[in-house]
Amino acid sequence: MTIKVIETTPFSDQKPGTAGLRESVARFREPHYLNNFIQSVFDSVPDLAGARLVIGGDGRHFNREAAQTLIRMAVANGVSEIILGADAILSTPAAAHLVALEGAAGGFLLTASHNPGGPDGDFGIKFNVRGGGQASAELTDRIHARSLQIREYREAHIPLPRLDDIGLHSLSEGCRLRIVDPVNAHADLMESQFDFPAIARWLQARPGRFLFDAMHAVTGPYAREVFVRRLGGDDSLLLNASPREDFAGGHPDPNPVDAADFVARFATADAPDLGGASDGDGDRNMIVGPGRMVSPCDSLAIICANHDCIPGLAGRLKGVARSMPTSRALDTVAQALGIPCHETPTGWRFFASLLDAGQIQLCGEESFGTSSDHVREKDGLWAVLAWMQMLASHNCSVDELLERHWQRFGRHYFVRHDHALSSEQGDAVMAHLDQHTDRGRLTLGGYELSADSFSYTDPISGHTVTRQGIRLHTDTGGRIVFRLSGTGTQGATLRIYLEQAVAADADWRQDRDGVLEPLSRLALEAANLRKLCGETTPTAVI
Ligand code: G6P
Ligand code: ZN
């Protein structure tokens, strides 16, 4: 085996965001770009030498080539065993699970999540640590710092087997490649968390009662194994279940804008009882019932309230967590259960230490992410199964489950308004909002408001992060949160999260947008959006 040491110069834009390094495919195809980043990870995680490493991706354009580069560099950097999902495929939760299951020192996940794929789309790479969790901010900072100094990378010049050739392959004297079925272990994990016979009875009781949309992305084969093979559903419950390298030109994000066609299927009188959809890499989920999408914030709170239906969670919920912009519906349930509810910054990685320490067993985000401590990533299929299990246990509809919940805990009306801005506009808006937090309390648009900038100290590591979003609270249960998206690849996206809490004995049957209208106007005023950006109509309402 020849190991080549190749000279290189640093790129200045390799700072991993909340979910790894995401750039256009064109950027990733530039000579040395991918190699530099991979070597920066190996240099920052010396434990990888002599250890096991998991590799897999969401199957988007450039996935296979990137996996081959990774394998060659892993061999050159002394990895002793590489576990690869066949054809370089692994959904994000399946990859995180394999890292834990196989006792690997880490895993490379090749994904840009829901960002569009194809030659003109995006690609991404992220490194997950031992146990399967996302890299901490300290580690991603270290990787970034290394990427700014890198002078050389190492690559083994060896022939590789076909990436779909399941089995053991010797790559060099010190390194073997194990190509595994990408689906089975994750399907087994799902079976261990839920009562499959009960869900199967629910599913088979009425043909057409459930639909799953894989959005032409990675979850198709996972959904087929679980919903069709193991739960005995009909093949016709699967939509867009053959993964495509460019996601058929779509934006594989399960939300009411990007999956509007799917949501529309639930508007008719003969709508299925339940719908689930997942994103490019299988970690996000959207839950739909006849005539409505379930807000991810409500979904999280409802799973928490009904966790005893779910065998993997029953009787063992000690704490829960939500990201700060996620509505406080979860807090209300946690309080009733007498368990702590942690409020963390946006980004799944902030849940990791709480999960590892056993302080929480359930967590989620408004950005359509929900999961339990069965894995250290969010898990789209898990959330959909949780809803099937709840409907099966209570023998009720989505509407009934929601209404019973609101009747008991009250309702947190919630919506997110996104505004696509230039980077300069984004910075100007945030700078304007900062002025409110300096004062702490203010009167605006007839409201008495308290304002702060969200900081968080991880209770386990003691690590503090600041400036994680600006919060305005009204004295009447309203809340507005502003932050800039951390996942875009161009310009800035301002996210405005609007929430109005309504007590159980008040009217929780109102129209969401009607209830949130006053807060929406207040938000525009607080951000001075018309003056700073001209446009005030959101580019997406989610
Ligand atoms: C990714 C992360 C999530 C996070 C979301 C926020 O999906 O995995 O944990 O909530 O990004 O995205 P944003 O664009 O709002 O920064
Ligand atoms: Zn994703």
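This is a short walk through one predicted model, with stops at a zinc site, a sheet, some cavities and a few single residues.

Okay, thanks everyone. Keep in mind throughout that what you see is a predicted model.

Let's start with the metal. Which residues coordinate the zinc ion (ligand 2)? There are four: Ser 113 through OG, and Asp 279, Asp 281 and Asp 283, each through OD. The distances run from 2.0 to 2.1 Å. Along the chain, these donors follow the spacing S-x165-D-x1-D-x1-D. If you look at where the ends of that pattern sit, Ser 113 is in the loop between β5 (106-110) and β6 (122-129), while Asp 283 is in the loop between β12 (274-278) and β13 (285-289), so this pair ties together parts that are 170 residues apart in sequence.

Now, the angles. Among the four donor atoms they go from 87 to 165°, and the site is classed as irregular. Why not tetrahedral? Because four donors would need all angles between 85 and 135 degrees for that label, and the range here goes up to 165°. For anyone setting up restraints, the ideal angle for four tetrahedral donors is 109.5 degrees. One caution: water is not among the atoms, so sites may look incomplete.

Are these donors buried or exposed? Take the two I just placed in their loops. Ser 113 counts as buried, with a relative accessibility of 4%, and Asp 283 is buried as well, at 3%.

Right, on to the sheet. It is an open one with seven strands, in the order β20-β21-β24-β25-β26-β19-β27, and the pairing is antiparallel. At the edges you have β20 (441-444) and β27 (540-541), each of which pairs on one side only.

Let me zoom in on β24, residues 470-474. Four of its five residues are buried, so most of the strand is covered. On one side, β24 pairs with β21 (residues 447-453), antiparallel, over five bridges. In that pairing, Ser 450 has His 473 of β24 as its bridge partner. β24 also pairs with β25 (residues 478-484), again antiparallel, this time over four bridges. There, Ile 470 stands opposite Phe 482 of β25. The hairpin made by β24 and β25 has three residues between the strands, and Gly 477 takes a positive phi there, near 80°.

Towards the other end of the order, β19 (residues 411-421) and β27 run antiparallel and are joined by two bridges. Asp 418 is the residue opposite Ala 540 of β27. Hold on to β19, please; we'll meet it again in a moment.

Next topic, empty space. How many cavities of 30 Å³ or more does a search of the whole structure find? Three. The largest holds about 110 Å³. It has 15 lining residues, and those closest to its centre are Gly 20, Lys 126, Phe 127, Ala 135 and Thr 140. β6 and α5 (137-147) each supply at least two lining residues, and β6 gives the most, with four. In terms of chemistry, the lining splits into seven nonpolar, six polar and two charged residues.

The second largest cavity has about 60 Å³ of space. Its lining includes Met 293, Glu 366, Arg 416, Arg 512 and Ile 542. And here is β19 again: it provides the largest share of that lining, three residues. The split here is six nonpolar, one polar and three charged.

Last bit: some individual residues to look at on the screen. Two non-glycine residues have positive phi. One is Met 215, at about 55°, in the loop between β10 (210-213) and α8 (219-230). The other is Arg 467, with phi near 55°, in the loop between β23 (464-465) and β24. Their surroundings contrast: Met 215 is buried, with a relative accessible area of 8%, whereas Arg 467 counts as exposed at 58%.

And finally Asp 258, which sits in the loop between β11 (238-239) and α9 (260-264). At 31% relative accessibility, Asp 258 counts as partly exposed. From Asp 258 to Thr 92 is 20 Å, C-alpha to C-alpha, with 166 residues of sequence separation.

That's my tour. Happy to take questions.

Key
Residues numbered from 1 in each chain as written. Chains lettered and ligands numbered in written order. Predicted model: local features only at pLDDT ≥ 70, side-chain atom pairs only at ≥ 80, totals over all residues. Heavy atoms only, no water. Buried < 20%, exposed > 50% of the residue type's maximum accessible area, 1.4 Å probe, protein only. Pairing = 2+ DSSP bridges. Donors = N, O, S within 2.8 Å, 3.2 Å for Na, K, Ca; no water. Tetrahedral: all angles 85-135°; square planar, octahedral: opposite > 155°, others 65-115°. 1 Å grid on protein atoms, 1.4 Å probe; cavity = no way out; pocket = protein on both sides within 12 Å on 5 of 7 lines; lining within 4 Å. Points joined across faces, edges and corners; volume = space filled by probe spheres on them. Nonpolar A, V, L, I, M, F, W, Y, C, P; charged D, E, K, R; others polar.
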